Amino acid sequence: MRPATPQDLPLLTKSDWLALIPVLGRANRALAEYNGMLRRLPNSSLLLSPLRLQEAVLSSRIEGTLATISEVLQFEAGEPPARESRRHDIEEILNYRSALDIAMDELKTRPFSLNLLLKLHKVLLSSVRGHNKAPGEFRGQQNYIGSRVGGVEQVRFTPPDWMKLEHSLDNWEKYYHSNDDPLVRLALVHAQFEFLHPFLDEMAELVGS
């Protein structure tokens, strides 16, 4: 399967904006109300802290972790996991939350950049699964999306050629800072990031480059 070819952002030339406008309007109003509520709180971190942990648990689950919020809280309180296999899951979740906290602090003083992305990636993989997959570096070889067993036959998607990533990532970063609707930008940069898959996968070692 040949590497996919990404298009530059934005990708909305063929979208039905008339259908999207009411949905975007409702979503932006809800976000504005939420932001207003946070501003009225004496200490908004009391509300945001458990939400960040929940986000870390749910997002890490995409990578195969099974630990729950309760298990993470118990671990932080000094209680060892009931099953040792959960320890690595919990450590991955805590790394994810640490990366979120670092990003929030960094973005208070400087804009988002690819360098910050690399810093966060290094935090995510610190002493956990994938720690030997070039943490904090964009991939320098081809990777693949598919089953961890079965070789080339199980490849479902081949991300773009790593030698062409520099242009796509530069375009990705510039679009991140564009003036498009924030929710539209969020959706597109998320989708494009998954398409580019700029970091190494375990599959890269199994099926070759």
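This passage describes the fold, the helices, the salt bridges and a surface patch of a predicted model.

The secondary structure of the protein comprises 8 helices and 2 strands. From the N terminus, the elements follow the order α-α-α-α-α-β-β-α-α-α. The two strands thus sit between a run of helices on either side in that order. Of the 209 residues, 34% are buried. Contacts were considered between residues at least 6 apart in sequence; 60% of these join residues at least 24 apart. The exposed area of the protein is about 13300 Å². Carbon and sulfur atoms supply 56% of that area.

Helix H1 covers residues 17-40. Its 24 residues should span 34 Å at 1.5 Å a residue. The end C-alpha atoms of H1 are 34 Å apart, in agreement with that expectation. The buried residues of H1 are Leu 24, Gly 36 and Leu 38. These buried residues pack against helix H2 (45-61) and against H7.

The start of H1 also contributes to the surface. Trp 17, Leu 18, Leu 20 and Ile 21 form a nonpolar patch there. Together the four residues have about 400 Å² of accessible area. Leu 20, a residue of H1, has a relative accessible area of 33%. Leu 20 therefore counts as partly exposed, the class between under 20% for buried and over 50% for exposed.

Helix H7 covers residues 182-196. Its 15 residues should span 21 Å at 1.5 Å a residue. The end C-alpha atoms of H7 are 21 Å apart, which agrees. Val 184, Arg 185, Leu 188, Val 189, Gln 192 and Leu 196 are the buried residues of H7. Viewed down the axis of H7, these buried residues fall within an arc of 120°, so they line one face of the helix. An α-helix has 3.6 residues a turn, so residues three or four places apart point the same way. The buried residues of H7 pack against H1 and against helix H6 (165-176). The packing of H1 and H7 is thus recorded from either side: the buried residues of H1 pack against H7, and those of H7 pack against H1.

The structure holds 9 salt bridges. In one of them, the side chains of Glu 92 and Arg 129 meet, with an N to O distance of 3.0 Å. Glu 92 lies in helix H4 (residues 85-106), and Arg 129 lies in the loop between helix H5 (114-124) and strand E1 (145-146). The pair therefore ties together parts that are 37 residues apart in sequence. Glu 92 is buried, at 11% relative accessibility. Arg 129 is partly exposed, at 33%.

Helices H4 and H5 are also joined by a salt bridge. Lys 119 pairs with Glu 106, and the closest N and O atoms are 2.5 Å apart. Lys 119 lies in H5 and Glu 106 in H4, so this pair ties together parts that are 13 residues apart in sequence. Lys 119 is partly exposed, with a relative accessible area of 37%. Glu 106 is buried, at 15% relative accessibility. Glu 106 and Lys 119 also belong to a network of salt bridges that includes Arg 110.

A further salt bridge brings together the side chains of Asp 105 and Lys 108. Its N to O distance is 3.7 Å. Asp 105 is partly exposed, at 47% relative accessibility. Lys 108 is exposed, at 66%.

Glu 76 belongs to helix H3 (residues 69-76). Its relative accessible area is 40%, so Glu 76 counts as partly exposed. Beyond its neighbours within four places in sequence, Glu 76 is in contact with Leu 94 and Arg 97. The C-alpha atoms of Glu 76 and Ile 90 are separated by 9.5 Å. Glu 76 and Ile 90 are 14 residues apart along the chain.

Terms used. Residues are numbered from 1 along each chain as its sequence is written. This is a predicted model: local features need pLDDT of at least 70, side-chain atom pairs count only at pLDDT 80 or more; totals for chains, interfaces and linings use all residues. Side-chain values use heavy atoms; hydrogens and water are left out. Patches are made of residues with over 30% relative accessible area and no salt bridge: like charges are joined within 9 Å, nonpolar side chains (Val, Leu, Ile, Met, Phe, Trp, Tyr) within 5 Å. Accessible areas come from the Shrake-Rupley method with a 1.4 Å probe; for residues, only the protein chains shown count as cover. Helices (H or I, at least four residues) and strands (E, at least two) are DSSP runs, numbered from the N terminus. Buried means under 20% relative accessible area, exposed over 50%, partly exposed in between (1.4 Å probe, protein chains only). The expected span of a helix is 1.5 Å times one less than its number of residues. The arc is that of the directions from the helix axis to the C-beta atoms. Contact means heavy atoms within 4.5 Å.
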